[in-house]
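Hi,

Here is the structure I said I would pass on. Have a look at it first, and my notes follow right below.

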Amino acid sequence: MTATLSAPPSAPDARVDPLDEIQRRVLWLSTAIIHHANRIRPNPTGLKVGGHQASCASMVSIMTSLWFEQLRPGDRVSVKPHASPVLHAINYLLGELDEKYLTTLREFGGLQSYPSRSKDPDPVDYSTGSVGIGATAPIWGAVARRYVDAAIGSTGAGRQYSLVGDAELDEGAVWEAILDPAVAELGEVVWIVDLNRQSLDRVVPTIAAGRLAKMFDAAGWQVITVTFGTLLEELFRRPGGEALRARILAMPNPEYQRLLRCGADEIRTRLPGDGPQAQAITGLIAELGDETLVRAIRNLGGHDLDALRAAYAQIDDTRPTVIIAYTIKGYGLPTEGHPQNHSSLLTNDQFAALAAELGTDAEHPWGLFDAATDAGRLCRATADRLHRTRLPEAPRPALPTDIGRTPSGRSSTQAALGRVLLDLTRQAPDAAQRVITVSPDVTSSTNLAGWLNKVGVWSPTERRDWFDDDAETIMHWRERPTGQHMELGIAETNLVGLIGELGATWSRWGQPLFPIGVLYDPFVERALEPWSYGIYAGGQSILVGTPSGVSLAAEGGAHQSIKTPSIGLEQPGCVSYEPAFAIEVEWTLLESLSRLGRPGGSSSYLRLSTRPVDQTLAAVPDDPAARERRRRQVIAGAYRLRTASAPAVTLVGTGATVTEVLAAADRLAQNEIEADVVCVTSAGRLFEAVQARAGLTDAPSWILDQVFPAERARPLVTVIDGHPHTLSFLAGINRVRGASLGVTGFGQSGALDDVYRHHGIDTDSIVRAALDVVD
């Protein structure tokens, strides 16, 4: 159902609405914050500072009415990136931001360019800035909150709001989230679309509101369209009013925007148009004074407090809601409606004129309301109403570091993942209860079926498994609000958005969760940008890419990942592991879980393989102290798998290629060339150690002394099922000759031996490289 709302008529003797005073002050403060950063603050480099006064202005009424009349303490709001100064202005009026920060927009250590939950000094519910990602975050925040409520403990009640620019709806990630089937059941989700019909470069030529409304409606959302304000609605009730309404609704966006740049005389000429109702419109507007006519043409619902109040009153909390609010970009500023106003800045003269119009002081712009005024009292009451009691942090459940089992036989690292999760339910049930796995329709093909059968599937409501009595069905889809596996459609952006919000519950609600996203490694690159943004925003999660590399030989180049190993070297806030053996999956996964859900924690990326490997090749020590030493080395990034008595070369392998590396060492030994063999489990950890040794970071560097001691420095051959640059820095540890083998081209379908030979990571290629570096 789609509801179209406009403002109800106002009483003629209504007093001045203090909310109107506040929205005018918010407009002023948000404009002044940007003005100071660009026109007042010294800028010795001359580089653009920037800010978006017009984008802020179109959101002022929406945000003022939301904060000062609608929000409750349990609500959370994602603010569109370019409206961050509006958020800071509101927080300042509510006493949540010190005046000293108002002059620091985009300054080092000051207010961030876009809302940042981790870096801004005032309350920010969701970090935004990566277009489309911040908008969808409250959807995944709602899912995360529901799981905590159902499985662990109450977090209270509240809506999840997204304030979205209409151009942001061009992002595919937005619709991936909206269309996920579970979202239609999240009644706490409310989006407010700032429909100003302008993008960065232009006025959008087509009228998109109807199309957007149909798309949301088809996805099961309630749609409320706020089109016109009080003044226009009153005019529509007069003779000729319906003709005026029809004319404005049918008018192309650029034509309407052009009217905003016109004076009253030109509006009288342009507005009637040349249609059959032109005369009726001419007669209607002839009754209006110039000032009233100019006000009327820009009287849209997104700037009318009564129209917005009526919209909020219609929200149906049984399903998600979108409020499409017509607005004007730059509303109330000299730049309003200009097609290139996106990042335009007021001149000093325009700023002074705006101060006079709004009753403020351009020389002393940061004035607050007197506490004895109606506006001052409303600010105080709002601050009291929205005060949030800080939730105590829940005690962290204990996690083992070593389950104690030594795998044998042949197995893959991918298969080990599911077994470790099941072991955790037995060894540490309290910690296991907080583990949430998320998969984009690849649960069975990534060996999570056993885990899923054990913990169930999350759903907003309980659903019957109609195959629970089918003897031939081995994966049981038992859906309930406490299920610990969350199944999404094939949408990697949704997956990483969800694990990011699941990984933020420790700081939002005081309850840590341990989210693990599992997807095919070739699609990690598709998910990387939104996952990286989630890490920046404070979400701590584990991303498992499996299967990986060209070891997935039969799938061909379309499903063979090449660049993903470098993620561990390059992604801030993330530790990367590529285990070679099942025991390493256990150790690295437990270590990764231990860093989740806490201050100073971090995310992790595990790159796994479907290649079966002889687990006895791991040569896990039997002695408990030696086993613990091996575990610590695995966590730190590498260990020596074989130590030769008189090595001539060091062979370094990672992940699935260790089998070939060991075979090459055996071949070289037959030719009386001994080789040390090093298994690298984390290129990123080793790179940090190299940087620390050079005094560039404060990371530990002891692993280099144990695995690459100077006295055993020999020519080095590195091998990886991925791009060879990932390990190429290792030769620089002891400044030795080196050869880096890996995958630099697209893969092909074929048998594993053929594919490895094609890319030069087979045993023969390793032997040849070793002979070359020792020659």
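R735 sits in the loop between β20 (716-719) and β21 (738-741). Its backbone caught my eye: R735 has a positive phi of about 55° although it is not a glycine. Before you read anything into that, keep in mind that this is a predicted model. R735 is also exposed, with a relative accessible area of 76%; the cut-off for that label is over 50%.

There is another arginine of this kind. R106 has a positive phi of about 65°, and again it is not a glycine. You'll find R106 in the loop between α4 (84-93) and α5. With a relative accessible area of 26%, R106 counts as partly exposed, because that label covers values from 20% to 50%.

While we're on backbone oddities, here's one more for your checks. The peptide bond from T546 to P547 is cis, with omega near -5°. P547 belongs to the loop between β13 (542-545) and α23 (567-570).

Now the strands. What is on the two faces of β4? V189, W191, V193 and L195 are on one side, V190, I192 and D194 are on the other, and all of them are buried. That split fits a simple rule: in a regular strand the side chains alternate between the two faces of the sheet. Seven of the seven residues of β4 (residues 189-195) are buried, so the strand is largely enclosed by the rest of the structure.

Which strands pair with β4? One is β3 (residues 160-165), which pairs with β4 in the parallel sense over six bridges. If you want a contact to click on, G165 has D194 of β4 as its bridge partner. β3, helix α6 (residues 172-178) and β4 together make a right-handed β-α-β unit. The other is β6 (residues 321-326), which runs parallel to β4 and is joined to it by six bridges. There, V190 stands opposite T321 of β6.

β6 also has β5 as a parallel partner, with five bridges joining the two. One pair to look at is V226, whose bridge partner in β6 is A325. β5 (residues 222-226) is mostly covered, with five of its five residues buried. Q222, I224 and V226 point one way from β5, V223 and T225 point the other way, and all are buried.

On to the empty space, which I guess is what you'll open first.

How many cavities of 30 Å³ or more does the structure hold? The count is 10. The largest cavity has about 170 Å³ of space. Its lining is made of 20 residues, and I133, A137, E501, G534 and A537 lie nearest the centre. α5 (133-151), α20 (492-502) and α22 (524-536) each supply at least two residues of that lining, and α5 gives the most, with five. By class, the lining of the largest cavity has nine nonpolar, eight polar and three charged residues. Why do I place this cavity between two domains? Domain 1 (18-229 + 300-386) and domain 3 (410-614) both give residues to its lining, so the largest cavity lies between them.

Then there's the second largest pocket, with about 960 Å³ of space. It is lined by 34 residues, and R76, P123, D125, R388 and S507 are the closest to its centre. The elements that give two or more residues to this lining are β2 (76-78), α4 and α21 (505-508), with the largest share, three residues, coming from α21. The lining of the second largest pocket divides into 15 nonpolar, eight polar and 11 charged residues. Domain 1 (18-229 + 300-386) and domain 3 (410-614) turn up here too, each giving at least three residues to the lining of this pocket.

That's what I have for now. Shout if anything looks off on your side.

Cheers

Conventions
Residues are numbered from 1 along each chain as its sequence is written. This is a predicted model: local features need pLDDT of at least 70, side-chain atom pairs count only at pLDDT 80 or more; totals for chains, interfaces and linings use all residues. Side-chain values use heavy atoms; hydrogens and water are left out. On a 1 Å grid over the protein atoms alone, a cavity is a set of points where a 1.4 Å probe fits but cannot get out, and a pocket is an open set with protein on both sides within 12 Å along at least five of seven lines; lining residues have an atom within 4 Å of a point. Grid points are joined across faces, edges and corners, and a volume is the space filled by probe spheres set on the points. Helices (H or I, at least four residues) and strands (E, at least two) are DSSP runs, numbered from the N terminus. Ala, Val, Leu, Ile, Met, Phe, Trp, Tyr, Cys and Pro count as nonpolar, Asp, Glu, Lys and Arg as charged, and the others, Gly among them, as polar. Domain bounds come from an automatic or database domain assignment. Buried means under 20% relative accessible area, exposed over 50%, partly exposed in between (1.4 Å probe, protein chains only). Two strands pair if DSSP finds at least two bridges between them. A crossover is right-handed if, with the strands pointing away from the viewer, the path from the first strand over the helix to the second runs clockwise.
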